[in-house]
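Me: I would like a close look at a single helix of this predicted model, followed by an account of its surroundings and of the aromatic contacts elsewhere in the chain. Please set the answer out as one connected description.

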Amino acid sequence: MTERPPQRIPNRQLAALIAEAGFSNAGLARRVDQLGLEHGLDLRYDKTSVTRWLRGQQPRGTTPALIAEVFTRRLGWRLSAQDLGLDACAPVYAGLEFAATPEEAVDIASGLWRKDSGSHAELRKIAFTPAGLVVPSRDWLIGRADERVGRGEVPVPGGLIPTQGRPSVAPSVPPSVPRQRQIDRGPGQRVTGGDIAALRSVGELFRTLDDAYGGGHARQALVRYLEHEAEPMLRGTYGEATGRRLFAAAADLTRLAGWTSYDIAAHGLAQRYFVQALRLAQAAGDRAYGSYVLVTMSRQAVYLGHGREAVQLARVAQQGVGTGAPPVVQALLHAVEARGHGVLGEVRACTASLVRAERALEAARPGDDVPHWARFFDEAQLADEFAHSYRDLQQYRAAAQYAERSLQLRGPAFARSRLFCRVVLATARLGLGELEQACALGAEAAQQSMEMRSVRALEYVRDFERRLEPYRDVAAVRGYRDRVAAMG
């Protein structure tokens, strides 16, 4: 007698969510395929595949996580594979989740730190997805500060009891996290004020290296520091006040890890670091720093040409921080919105945002309580934002004026920013027909880019060289190419 295969149970959870989302079977399959392509997967599902899932067949590999992400984007709240009646699997988008609890946020962030050990070429294969910006920024905007972040022993009548922060329900943990690390929730080292001061000092050190030499110079050392020093602290013992400060320091270092990843063109990895920095900032109860993380995400979107998303992120940051932020912070938020409008070619909106940024900075006073992360935003930086925006709007005379002003005001410690501004000035001179000046400035920037570990610096120079192409037979341009070739 032949044994009959087990009877599959129809997936009523998936059917109900398909109806709620308004998908057809073919429409769901198409969206799963599209999301798979974002992650380098050629899946080729069709309406028949979805029919099989509805009949109870379990999709393989990473597909359950992809299906859950499709519904998350459509419905606007986080759904897991289990919510859809599917078997759980490791999400290929690990790191884009906005964690439900501080403990889960630590799991996700530490998973990223441990996985970040490949070559730059490998890291650049992690996909950046503009759609992945929507849910985290929305969750941050509407979210509330976590009620409790402390871990360890707290006094109660009759003695001491261990506490481990708010309970986490089935946290989504990246696949590289060893099982032992996932279940080891007991109190560890006691975190002190000195520990947090050390985290802050390390952040300043790596920030200085990044500004001067590029993100590729010490990026791996920063990531390893997060893995071996910051993670044990986050899993250690601390009270509420210390915990908030600890999460704030961890958010700052994680954002910096994202920033250095962005600078080496590992854009998908950088995006994930930024999302986790945003969630850690929420655990810290630091709304203003969360807005700064969104500003950073907006800058990346500008660089990648996603102007609409850049504007939206800047506006979410403005809405989230409100009007009570220091004038310098307000200026920063408006300037970054202007950059998004500039990419889109929206002249009036860009100009209006620049004017708001200028007025806000003029309102700043020496005694203002400015967060440490916003102190870089001064007249030199504002002039740089004007120069970039006017370059994107092809208003080259104004771009040149502001770029020259920024270079006059900006100190040598910000070598990469000065390089970017010099290329903007070269581009503006080219747009004004001043080829000799443009090529001289471009050659200086090319020389500096070779002394840095910054893909962005190289890309700025390459963009300038692409703009030179229509003039390739002019003597000044031939001389530029000869100079650059001799540098190699």
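Reply:

**Helix 9 and its setting**

In this predicted model, the buried residues of helix 9 are Asp195, Ile196, Leu199, Val202, Gly203, Phe206, Arg207 and Asp210. These residues cover an arc of only 140° around the axis, which puts them on the same side of helix 9. An α-helix has 3.6 residues a turn, so residues three or four places apart point the same way. The buried residues of helix 9 pack against three other elements: helix 10 (219-234), helix 11 (240-263) and helix 19 (415-431).

The length of the helix can be checked in turn. Helix 9 comprises 21 residues (residues 193-213), and at 1.5 Å a residue these should span 30 Å. The C-alpha atoms at its ends are 30 Å apart, which agrees with that expectation. After helix 9 comes glycine 214, which has a positive phi, near 100°.

A second glycine belongs to another part of the chain. Glycine 118 is found in the loop between helix 5 (102-115) and helix 6 (120-123). Its relative accessibility is 33%, so glycine 118 counts as partly exposed. Between the C-alpha atoms of glycine 118 and glutamine 220 the separation is 9.6 Å, although these positions lie 102 residues apart along the chain.

The wider context is as follows. The protein contains 22 helices and two strands. Of its 488 residues, 51% are buried. Among contacts between residues at least 6 apart in sequence, 73% join residues at least 24 apart. The exposed area of the protein is about 21,800 Å², of which carbon and sulfur atoms supply 51%.

The aromatic contacts complete the description. A pair of aromatic rings is described by the distance of the centres and the angle of the planes. With ring centres required to lie within 6.5 Å, the count comes to 14 aromatic pairs. One of them is formed by tyrosine 390 and tyrosine 402, which are stacked, with 5.8 Å centre to centre and 25° between the planes. This pair links distant parts of the chain, since tyrosine 390 is in helix 17 (residues 379-392) and tyrosine 402 in helix 18 (residues 396-409), twelve residues apart. Tyrosine 390 has a relative accessible area of 11% and is therefore buried, whereas tyrosine 402, at 25%, is partly exposed.

Phenylalanine 464 and tyrosine 480 form an edge-to-face pair, because their ring centres are 5.8 Å apart and their planes stand at 80°. Phenylalanine 464 lies in helix 21 (residues 455-468) and tyrosine 480 in helix 22 (residues 475-487), so this pair ties together parts that are 16 residues apart in sequence. Phenylalanine 464 counts as buried at 2% relative accessibility, and tyrosine 480 is buried with a relative accessible area of 1%.

Ring pairs also link Tyr289, Tyr292, Trp373, Phe376 and Phe377 into a cluster. Charged side chains meet aromatic rings as well. Arginine 287 lies over the face of tryptophan 140, at 4.0 Å from the ring centre. Likewise, the charged end of arginine 456 sits over the ring of tryptophan 259, at 4.9 Å from its centre.

Note on methods: Residues numbered from 1 in each chain as written. Predicted model: local features only at pLDDT ≥ 70, side-chain atom pairs only at ≥ 80, totals over all residues. Heavy atoms only, no water. Phe/Tyr/Trp six-rings, centres within 6.5 Å; stacked < 30°, edge-to-face > 60°. Helix = DSSP H or I, 4+ residues; strand = E, 2+ residues; numbered from the N terminus. Buried < 20%, exposed > 50% of the residue type's maximum accessible area, 1.4 Å probe, protein only. Lys NZ or Arg CZ within 6 Å of the ring centre and 35° of its normal. Contact = heavy atoms within 4.5 Å. Areas by Shrake-Rupley, 256 points an atom, 1.4 Å probe, with all protein chains shown as cover. Expected span 1.5 Å × (residues − 1). Arc of directions from axis to C-beta.
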